[in-house]
Protein chains: 2
Amino acid sequence: MTRYIPNFTAFGALASQDCASCPIRHRAVCAKCDGAEMDHLADMKSYRSWEAGETIALEGDVLPFVGSVVQGCATLTRSLEDGRVQMVGLLMPSDFVGRPGRTVAPYEVTAVTDLTLCMFDRERFETLLNEAPHLASRLVEMSLDELDAARDWMLLLGRKTARERVATLLALVLRRAPTDANPLRADLPLGREAMASYLGLTIETVSRQITALRRDGVIRLDGGGRTVLCDDFAALLTAAGDDEDGIMPS
Amino acid sequence: MTRYIPNFTAFGALASQDCASCPIRHRAVCAKCDGAEMDHLADMKSYRSWEAGETIALEGDVLPFVGSVVQGCATLTRSLEDGRVQMVGLLMPSDFVGRPGRTVAPYEVTAVTDLTLCMFDRERFETLLNEAPHLASRLVEMSLDELDAARDWMLLLGRKTARERVATLLALVLRRAPTDANPLRADLPLGREAMASYLGLTIETVSRQITALRRDGVIRLDGGGRTVLCDDFAALLTAAGDDEDGIMPS
DNA sequence: GCCGCGCATTGATCAAGATCAAAAAACGCT
DNA sequence: AGCGTTTTTTGATCTTGATCAATGCGCGGC
């Protein structure tokens, strides 16, 4: 039974196969393939880094690569002509980036922390995809998980209250945090503005709801509001309006 | 250059390859494969119909098949414990249903009109996927298109006004309508309740916004509010807050 | 035609969150 | 440490869409 984490990081499911850094992960992708194909993958890789705040691609840019996050954190955003912005995805380590079969990025990709990507030339990756059925069918599953996560977020954006939205995001970040110790603790990769953008709210509302959750003893803050602590994760999930515990049968 | 329709129907992209009914479409999927595989597909198919209003699967149900819509219209919905419901997808003819690699349906699937599906046994389809790389890599692209559509909808749910949401949905329905004649005309497959569910609004708000769009001369109604007419599609797109015309480079 | 039911529209009021505005922390820099 | 910048918090008010409550309309049955 594997832990199902309902967010935009389903591509990271690969990382559950004993590999945290990029090269090992891509080896895991091809676990069912023979050694030759693994070498082929290793051969195609390159790395690149961006600083916090840098734009990786604008809406409509040609993206010549696919790849995955090695370190750091990036956001995907879509916007309206008049400047309204909605974040549609949050990329964390081990998440997949890019679109085999499509040249153009349909949303803006921005590094929110210093970021390193492991990249493959898109066309060569597509060729590989056509030759390695296990890789392709794994990628289908991953895309569909990603789709489920997007649809979960639609439920949040369409029906949840401000408090539930904020609690949901905090729970998501805490779940993905490296430490499992009690109390749960995680550094927020996103500032208030990015959180608001992700949640379909304004900065002020996010701030007020965080204050309210703190007042109610559901969470504590540290490090100048950049670190969340949680003693009672069940209470946080209740505040998120969604007390399923994220365990799913395969 | 193909028309990019930003909704949940990206799976229908297959239908652009000269095939409207299900068997032909699946043949198109395997256009690059050899004839034997096409026959294999034909062999595995079965059909089933549901009446308007019937539930096809509940959240958490085991879905033993994958397939596609031959005729009619279905909705995907996700809900919170307290009864709040959000529609997360609208399935129209030629759209794909189901999740290779996953047994459980993560949302409720309901027929909104009389509906016929063309189905494949899920496990046999997965086997096929592992054997036919072109099919798998095509399915990756389709899933990613579907993901883009879901993320477009996140922008709508997170940032658009009630008027923009309603206009967006009407534009979407008109775009998918069979007739291209002027004035544009389409029967609404969804009642006000389903529209509200899709748009993250209430029935009353949807009704008021439709009235307002009618008052402003952007649309007309017919057939007791079940048919939309539109003389000025550009005006509708403007009201949708998103006047890109849906043309996308491949 | 007339009745009854479900669906859609319209109206009055309310409340959650947005907006406008200011104060308070946190952080980087010299 | 001191200063300026940026981010976060807090406060007051306004607006959009939700809620509560009728009313209207279309359609099928007899």
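A residue counts as near a molecule or strand if one of its heavy atoms lies within 4 Å of it. Keep that cut-off handy. You're looking at a predicted model, where local features need pLDDT of at least 70, side-chain atom pairs count only at pLDDT 80 or more, and totals for chains, interfaces and linings use all residues. Residues are numbered from 1 along each chain as its sequence is written, chains are lettered from A in the order written, and side-chain values use heavy atoms, with hydrogens and water left out.

**Stop 1: both protein chains.** Superpose chain A on chain B (least squares on C-alpha atoms of residues with pLDDT of at least 70 in both): a turn of 180° with a shift of 0.0 Å along the axis gives an RMSD of 0.1 Å. The two copies are thus related as by a two-fold rotation axis.

**Stop 2: DNA strand D.** Select the 17 residues around it; R192(A), S207(A), T211(A), A162(B) and T205(B) come nearest. On the strand's side, sugar and phosphate make up 62% of the atoms within 4 Å of the protein.

**Stop 3: α7.** Pick residues 203–215 in chains A and B, a helix (a DSSP run of H or I, at least four residues) that supplies at least two residues of the surface near strand D from each chain. α7(A) gives the most, with five residues.

**Stop 4: individual side chains.** Show R192(A): a side-chain N or O atom sits 2.7 Å from a phosphate oxygen of strand D. For R226(A), the corresponding distance to a phosphate oxygen is 3.4 Å. Then jump to E204(B), where a polar side-chain atom lies 3.0 Å from a base nitrogen of strand D.

Definitions and conventions
Polar contact = N/O pair within 3.5 Å; in protein donor to acceptor, adjacent residues only side chain to side chain.
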